[in-house]
Structures are given as structure tokens and as C-alpha cells.
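Got a few minutes to go through a structure together? Have a look at it first, and then we'll take it question by question.

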Amino acid sequence: MKRREFVGGLAAAAGLAACASEKDGNGAGASNSTEVFEWSCVTSWPPRFPGLGMGVENLAERIERASAGRLKIKVYGGGELVPAFEVFDAVSRGAVEMGHDASYYHKGKVDAAQFFTAIPFGMNKTELEAWLYYGGGLALWRELYEPFNLMPFPCGNTGVQMGGWFNKEIRTIDDLRGLKMRIPGLGGEVLRRAGGTPVTLPGSEIFTSLQTGAIDATEWVGPYNDVSFGLHKAARNYYYPGWQEPGPGLECIINREAWATLPPDLQAIVEITCQSITTDMAAEYTNGNANALQQLQEDPNVTIRTFPDTVLRHLKAIAKEVVADMMANDPAAKKIGDAYYEYLAKVEVNSRISEDAYLSTRTW
Ligand code: CA
């Protein structure tokens, strides 16, 4: 019922909002509006899932609190209102006002969007946020989504992920040949070119697929999320680092007409709260991963391993080809990719002499 009201009342509400902001005339300052907005937010995550799913629950709860109840957002888990991978379309066509997912799920639809989640061997969380907020990345993202009637906001990041769970040891690149693995986005294409078979599955289907042998391996997120799915009970070898997702950023997407109905102070609350979720989620993951990793280290059925250097070097060479091909085939990917790599070349020098250097010094 609310969705019908939303679609029907959109034009009228947009007109009202336009008048209100003209009258205010003071940007994102206090608003006299007492109008209450009730939005729906669809997601790709299992309901209230640690990290990913709690991020969007926290977003809704904080926006309602900060707006004194003037913007209420009801969150739906993947599949509750629309399928987990149809968030982009549902928000784009205005069936719901808001969505929370990862932009690399739009591979095949908006290939260039992958630069805003994760690129194999690309930017980590800190670097990605620097590019988005201060290096021009977010403007490119908004330009890319405008034809889809969407406003994207960075909203959450898992930090560097794990390489995944494998039912056999990976000693050479040939061990990836014939491997059927759940791995989305460009990482999946890298695996395919290494001779494996990539599969895209929503989180909720991973455990059963791995346990029944429908897949031989999976990446998901990191210890915190992987243990909550019980993946350590379905495969023995747990590999790092997560070359395929070095710091994937999540997105909050808002239908542009719905966005235009909000008075400036509510728009500011949404924008600021999205940014706060990224900080909060990083803390939740660092804490959750540390606890779950301790549990895994004590588990006699789990072996934590690092990929051999030769395997990582080979994957990195393939990853460069995969991204170069994507950029050659899509003008938007070329434009965004050029900006991304130009920024990465600059920022990685700083990362190496700061975080990298410090962390390797701290390890005794
Ligand atoms: Ca992942």
C-alpha cells in the first residue's frame, strides 16, 4: 500500500519539496517541514546479517532517530520484497525508494560500477574512500547512475576480505583449473581465465552449495561473516589475502525522485548517516573478525593458509587483462577506470610508506 502511495504521490510531493527548499533558502539548515516520510529499503543481504545487514539496519535506525521520526525506513532482506540481485532495478524504477547492496552485482548491466565496490588488486578501504570523497570518484559514480534515476552514496565497507574456503590446497595456479567457485564480479572473471568456473550465489545459498559439493570453493567476506554462515564446517582450507576484494565499498542507492521529495535537512541527515555507517561497519568488522579468527585458529578442522606468491602474481597479471578488456569495451569503464588507476598510482605510494610500513614493522 505504501509503495502505491509513493508512486502515485511522487509528482505532487516533489513539487511540495521544491517549494519548501526555495522558501528555506539556507541549504541544509533546519527545516520547518513536519512531513513524515515512510520509505522502504530493499537489500541483497540476509535480514540483520552481521556487518552487511546490520549496517543498513543501523542506517535506518539512525536516520529515524536523527530526523526525530520524520524519515522512517523499513528494511527488507534479500528476497523478502525483491530478489537479492534485483535491488538496483527495484530502486531505479521507483518500486521502492531506497536500496543497499554492492555495485559490483551490476556486472553485465553497468560494468563500470565495479570500480566503486572492488577491483582485484585495486584500492583498499582507506584508498577507495579517499578517491570517492576527495579524489573525484563520487562525482563519477553519480554521473554513471544518473541515467538509471539513482543517487548512490558510499555506505559501508567490509575492509580487506579473505581469499576464501577451498576443499583442497592451492599450491600452483593449476590447482585453480576446473575449480568451481562462488566468486562474483571481476574476481570471478579472473578465476575463469585461470581455468576455473566462477559462480555467483547470494550469501544465503553458499553454505549448502559448498557442503553438498555443488561448488568446490567459495569466497564470502572474512572470519566474522564466514563463521556465522558455518563455512568452516564445509571446507578445511581458509586462504588469505582477499586479492579479489581488497576493501569493497557498499552502496546506498536512492531513487532520484524520492530524493527530491526530501527537505534539505533530511537529505543532509541521509548523507551524513551513510558516511557514519562506513566508519561504524569498519569497527564492527575489525572486532568481529578478530574474535572469529581466534576461534578459527583454535579449530583443529581448519587450516589458515596464504596463497603462494606465484599464484598471486599470476592472478594479478590476469586481473590486469580483465580490467583492461572491460575498459576497452565500455567508454564509461574507460573513463572511470582511467581516473581510478591514476588515483591508485598516486595513493599507493603513500600507503606503502605509512600503513604498510608501520604494520610490517609491528609484526615481530
Ligand atoms: Ca566477497
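Q: What counts as a donor to a calcium ion here?
A: Donors are N, O and S atoms, and for Ca the cut-off is 3.2 Å from the metal. Water is not among the atoms, so a site may look incomplete. Keep in mind too that this is a predicted model.

Q: Which residues coordinate the calcium ion, and at what distances?
A: Going by that cut-off of 3.2 Å for Ca, the donors include the main-chain O of W220 and the OE1 of Q161. E219 gives two OE atoms and E245 gives an OE. Along the chain the donors are spaced as Q-x57-E-W-x24-E. So the list is Q161, E219, W220 and E245, at 2.2 to 2.7 Å.

Q: Are E219 and W220 buried or exposed?
A: A residue under 20% relative accessible area counts as buried. Both E219 and W220 fall in that class: buried.

Q: How many disulfides does the whole structure have, and how far is the sulfur of C252 from the nearest cysteine sulfur?
A: The search of the whole structure comes back with 0 disulfides. For C252 the nearest cysteine sulfur belongs to C274, and a disulfide needs the two sulfurs within 2.5 Å. C252 is buried at 0% relative accessible area, and C274 is buried at 1%. The answers are 0 disulfides and a distance of 4.0 Å.

Q: Which residue in β10 stands opposite M151, and in what sense do β4 and β10 pair?
A: Strand β4 covers residues 150-157, and 8 of its 8 residues are buried. It pairs with β10 (residues 249-255) over 6 bridges. M151 stands opposite I254, and the sense of the pairing is antiparallel.

Q: What should helix α12 span, and how far apart are its end C-alpha atoms?
A: Helix α12 (residues 309-329) has 21 residues, and at 1.5 Å a residue it should span 30 Å. Its buried residues, among them V311, L315 and V322, pack against α7 and α13. The end C-alpha atoms agree with the expected span, at 31 Å apart.

Q: How many residues apart in sequence are the parts that F115 and Y340 tie together?
A: The rings of F115 and Y340 form a tilted pair, 5.3 Å centre to centre with 50° between the planes. Both residues are buried, and they belong to a cluster of linked ring pairs that includes W131 and F148. F115 lies in the loop between β3 and α5 and Y340 in helix α13, so the separation is 225 residues.

Terms used:
Residues numbered from 1 in each chain as written. Predicted model: local features only at pLDDT ≥ 70, side-chain atom pairs only at ≥ 80, totals over all residues. Heavy atoms only, no water. Buried < 20%, exposed > 50% of the residue type's maximum accessible area, 1.4 Å probe, protein only. Helix = DSSP H or I, 4+ residues; strand = E, 2+ residues; numbered from the N terminus. Pairing = 2+ DSSP bridges. Expected span 1.5 Å × (residues − 1). Contact = heavy atoms within 4.5 Å. Donors = N, O, S within 2.8 Å, 3.2 Å for Na, K, Ca; no water. Phe/Tyr/Trp six-rings, centres within 6.5 Å; stacked < 30°, edge-to-face > 60°.
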